[in-house]
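Student: I should like to take a close look at one part of this protein. Please begin with a single residue and work outward from there.

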Amino acid sequence: MIPGPNIIIKCPSCGKLHQRKSIISGNTCGAIFFSDGSRIAPMLPDFPYFVKCQKSECGVYFKIIESVIASKCDVYFNNIKSVIAGVVSRNETRDNLYMPMVSFMSFYEYLDCIDTGLFNSGKKGSREWEDDLLSLRISLWRALNIKKETIHQIIAQDLRFSIEDDEPMRKLRTKYRTPIKTVYEINCNEILSLLDKKSDDESLLIKAELYRNIGNFDMCESTLKLLKEPDEYIALITAIKKACGEKIPFTVRVEEDRTYIEIRI
Ligand SMILES: [Zn+2]
């Protein structure tokens with residue numbers, strides 16, 4: 001993997017500058033694949049797409065699209081002030097001299113973002129809005145699935161995630177008190193309804209996995225039968241079918257996926 005320059009992002013609401021990492025090239029060497037379509041790839045890291053503005057008075061949620069990318073500068077090798085000078089107009093304050101790194105949203109932030117909406121999405125009900133909502137809900141689903149080794153304990157003990165404990169996070173935790181198991185099941189059902197009319201193989205695989213996650217093993221198996229080109233996804237289908245047969249609802253590892261992808265950006 002070759003790390004790339006940090007990308008400078010401008011909040012579409014308040015103009016606050018943030019940074020996001022990037023890569024020049026990466027590959028799936030040593031990657032672990034999961035049945036929800038996610039992966040942990042040390043040589044091909046994911047970067048956040050949905051983020052929260054770090055300026056406390058703003059705090060809107062937005063997606064990183066071309067229009068919010070202020071500059072693709074290499075802050076490692078350039079004088080940071082000259083980088084900022086290129087993207088900050090003279091009348092903006094020194095506040096922008098500090099550019100926080102954007103991170104993946106927390107469980108509570110996903111819930112809040114789904115409730116309040118993305119600042120730079122389409123109008124409510126539009127195709128763009130619906131696509132963003134689906135992506136947000138799938139991201140929330142995967143964020144909870146990634147913790148599959150601990151999710152049993154979290155549900156059993158009704159523990160809350162307590163990673164970030166700053167003031168905004170405390171407020172969100174107070175706002176969203178629904179038990180995680182309920183949030184998880186509601187989210188799975190919401191994704192299923194958003195995918196209702198989609199019948200492409202990738203949507204069908206997500207639907208099959210969601211049915212298994214909520215314990216509807218019969219629907220999982222019958223959905224897998226609708227795939228048009230099952231040979232393309234043989235390792236994934238095998239993993240889902242095996243878990244289904246054993247009545248396991250949780251995300252499982254996809255074994256024997258030898259797919260090696262080299263990406264050069
Ligand atoms: Zn902002």
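Which residues does tyrosine 211 touch, not counting residues up to four places away in sequence?

Tutor: The model is a predicted one, and the description that follows should be read accordingly. Tyrosine 211 touches Asn216, Met219, Cys220 and Thr223, when residues up to four places away in sequence are left out. Tyrosine 211 itself belongs to helix α7, which covers residues 201-213. Because 23 other C-beta atoms lie within 10 Å and 20 or more are required, tyrosine 211 counts as buried. Glutamate 221 stands 10 residues from tyrosine 211 in sequence, and the two C-alpha atoms are 8.9 Å apart in space.

These residues lead to the next element, helix α8. Helix α8 spans residues 217-224 and packs against helix α9, residues 234-245, at an angle of about 155°, the two axes being 10 Å apart. An angle over 145 degrees counts as roughly antiparallel, and α8 is therefore roughly antiparallel to α9. The crossing of α8 past α9 is left-handed. On the α8 side the contact is formed by Phe217, Cys220, Glu221 and Leu224, and on the α9 side by Ile237, Ile240, Lys241 and Cys244. By character, the residues of this contact comprise six nonpolar and two charged, with no polar ones. Cys220 thus appears twice in the account: tyrosine 211 touches Cys220, and Cys220 is also part of the contact of α8 with α9. Glutamate 221 likewise takes part in that contact.

Beyond α9, the chain enters a loop that ends at β10, and lysine 247 is found in that loop. Lysine 247 has a positive phi of about 55°, although the residue is not a glycine. Its surroundings contrast with those of tyrosine 211: lysine 247 has 9 C-beta neighbours inside 10 Å and therefore counts as exposed, whereas tyrosine 211 is buried.

The strand that closes this loop, β10, belongs to an open sheet. That sheet has three strands in the order β6-β5-β10, with antiparallel pairing. Its edge strands are β6 (39-40) and β10 (253-254), each of which pairs on one side only. Strand β5, residues 32-34, pairs with β6 in the antiparallel sense over two bridges. Phenylalanine 33 has arginine 39 in β6 as its bridge partner.

A further open sheet, also of three strands, runs in the order β3-β2-β9 and is paired antiparallel. Here β3 (17-20) and β9 (69-71) are the edge strands, each pairing on one side only. From one strand to the next, the twist averages 45°. Strand β2, residues 7-10, is joined to β3 in the antiparallel sense by four bridges, and lysine 10 stands opposite leucine 17 in β3.

One other helix deserves mention beside α7. In helix α2, residues 107-116, the buried residues include Phe107, Tyr108, Glu109 and Tyr110, together with Asp112 and Cys113. Glycine 117, just after α2, takes a positive phi of about 95°.

To set this part in context, the protein chain holds nine helices and 11 strands. Of its 265 residues, 25% count as buried, and tyrosine 211 is one of the buried residues. Among contacts in the chain with a separation of 6 or more, 64% are between residues 24 or more positions apart.

Technical notes: Residues are numbered from 1 along each chain as its sequence is written. This is a predicted model: local features need pLDDT of at least 70, side-chain atom pairs count only at pLDDT 80 or more; totals for chains, interfaces and linings use all residues. Axes are lines fitted to C-alpha atoms, for helices over the stretch in contact, and angles run from 0 to 180 degrees between N-to-C directions. Angles under 35 degrees count as roughly parallel, over 145 as roughly antiparallel, 65 to 115 as roughly perpendicular and the rest as oblique. A crossing is left-handed if the near helix is turned anticlockwise from the far one by less than a right angle, and right-handed if clockwise. Two residues are in contact if their C-beta atoms, placed from the backbone, lie within 7 Å. Ala, Val, Leu, Ile, Met, Phe, Trp, Tyr, Cys and Pro count as nonpolar, Asp, Glu, Lys and Arg as charged, and the others, Gly among them, as polar. A residue is buried if 20 or more other C-beta atoms lie within 10 Å of its own, exposed if 12 or fewer, and partly exposed in between; C-beta atoms are placed from the backbone. Two strands pair if DSSP finds at least two bridges between them.
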